[in-house]
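Hi,

Here is the structure I promised to pass on. Have a look at it first, and then read my notes underneath.

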Amino acid sequence: MKSLFCCPLCGAPLEREPARLFCPNRHSFDRSAAGYVHLLPANRKHSKDPGDDKAMVAARAAFLEKGYYTPLRNSLCKVILQYTENLSAPVILDSGCGEGWYTAGLFQALSQAGRTPQIAGVDLSRAALRRAAKRVPRAEFAAASVYHLPIPDNSVDVLVNIFSPLAADEFARVLRPGGLFCYAVPSARHLWEMKEVLYPTPYENPVKREDYSGFVWRDIKEIRYTVDLENTSDIMALFGMTPYAWKTPKEGVARLEALNRLRCQIGFDLHLYERA
Ligand SMILES: [Zn+2]
């Protein structure tokens, strides 16, 4: 059976076997017991266990399971269902898939609509990939860099990037002409009330629509709602998913940790680009 991935060493197509993937040039890649495959060349692996660690992944998975970000996932599914209306087996790549929460939503939505989605996800975190492969056994997952995707040129119908690193040139390479790039970014007032706790003077997120070479911007879906975080662990899980977790002075973090509820604005801009 053909894989959606290609060989990270020579670029040739990969064949799938239960325990491994291999190319015609005899490069072979074992599937882990958890079900994902390691396609990150050793020289591009900067630490022993790159990407989000186990505790971070577990906190994020628990947070997402509670449904706080379901409106974003629903909006993403709706856009992609519409876009792939005439494709019986759309090829979808979740770049920076994390623990596969969005990947799973897409798989379910497309399957329920009678399609046969061909879904691949890549991430650096082995802890996240273990969960993703378990969550969506019929998708393919690989440990790989989004800057060197082990994906053939022009082979992807829809590429999804939800809060993970942007590699626009690489995305343009793998998407077929006319393919759809779904890019979710925080809106100006996303998590505003959390920032009011963290910082003496919170600033709005900069929002500026970027143009990327090889893409034409088509549309934006604005997703705005309020969540009620009802305990400290949900508050801190959400905080841990933000860039503020790295740069907030400890007094700010202490103020947040002292809360046991927080009502907070959520805002996402889902930008839709078409591969030219
Ligand atoms: Zn090869």
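Below is what I found in it, starting with the ground rules and then going through sheets, core, helices and two loop residues.

Please keep in mind that this is a predicted model, in which local features need pLDDT of at least 70 and side-chain atom pairs count only at pLDDT 80 or more, while totals for chains, interfaces and linings use all residues. Residues are numbered from 1 along each chain as its sequence is written.

Let me begin with the sheets. Helices (H or I, at least four residues) and strands (E, at least two) are DSSP runs, numbered from the N terminus, and two strands pair if DSSP finds at least two bridges between them. One open sheet has 8 strands with mixed pairing, in the order β5-β8-β7-β6-β9-β10-β12-β11. Its edges are β5 (37-38) and β11; each has a single partner strand, so one side of each is left without a neighbour in the sheet. Helix α4 (residues 126-135) packs on this sheet and touches β7 (118-123) and β8 (140-143), its direction making about 170 degrees with that of β8. Further along, β6 (residues 91-95) and β9 (residues 156-162) run parallel and are joined by 3 bridges; Ile92 has Val158 of β9 as its bridge partner.

The other open sheet I would point out has 4 strands, ordered β1-β2-β3-β4, with antiparallel pairing. Here β1 (2-6) and β4 (28-30) are the edge strands, each pairing on one side only. On average, neighbouring strands of this sheet are turned by 30 degrees against each other, direction ignored. Strand β3 (residues 20-22) pairs with β4 in the antiparallel sense over 3 bridges, and Leu21 stands opposite Phe29 in β4.

Now for the core. A residue is buried if 20 or more other C-beta atoms lie within 10 Å of its own, exposed if 12 or fewer, and partly exposed in between, with C-beta atoms placed from the backbone. A nonpolar core is a set of buried Ala, Val, Leu, Ile, Met, Phe, Trp, Tyr and Cys residues joined through C-beta atoms within 7 Å. The largest nonpolar core holds 77 residues, of which Phe5, Ala142, Leu159, Val160, Phe181 and Cys182 touch the most other members. Strand β10 (residues 175-186) supplies the largest share of this core, 7 residues. Contact means C-beta atoms, placed from the backbone, within 7 Å. Leaving aside neighbours within four places in sequence, Ala142 is in contact with Phe5, Tyr36, Val37, Leu39, Val122 and Pro150.

On to the helices. The buried residues of α7 (residues 232-240) are Asp234, Ile235, Ala237, Leu238 and Phe239. Their packing partners are α1 (54-65), α6 (192-198), β11 (215-229), α8 (244-247), α9 (250-257) and β12 (262-275).

Finally, two residues other than glycine deserve a look for their backbone. Asn154, in the loop between β8 and β9, has a positive phi near 50 degrees; Asn154 is partly exposed, with 13 other C-beta atoms within 10 Å. Leu191, in the loop between β10 and α6, has a positive phi of about 65 degrees, and counts as buried with 24 C-beta neighbours inside 10 Å.

Happy to talk it through whenever suits you.

Best wishes

Terms used:
Contact = placed C-beta atoms within 7 Å. Axes fitted to C-alpha atoms, helices over the stretch in contact; angles between N-to-C directions.
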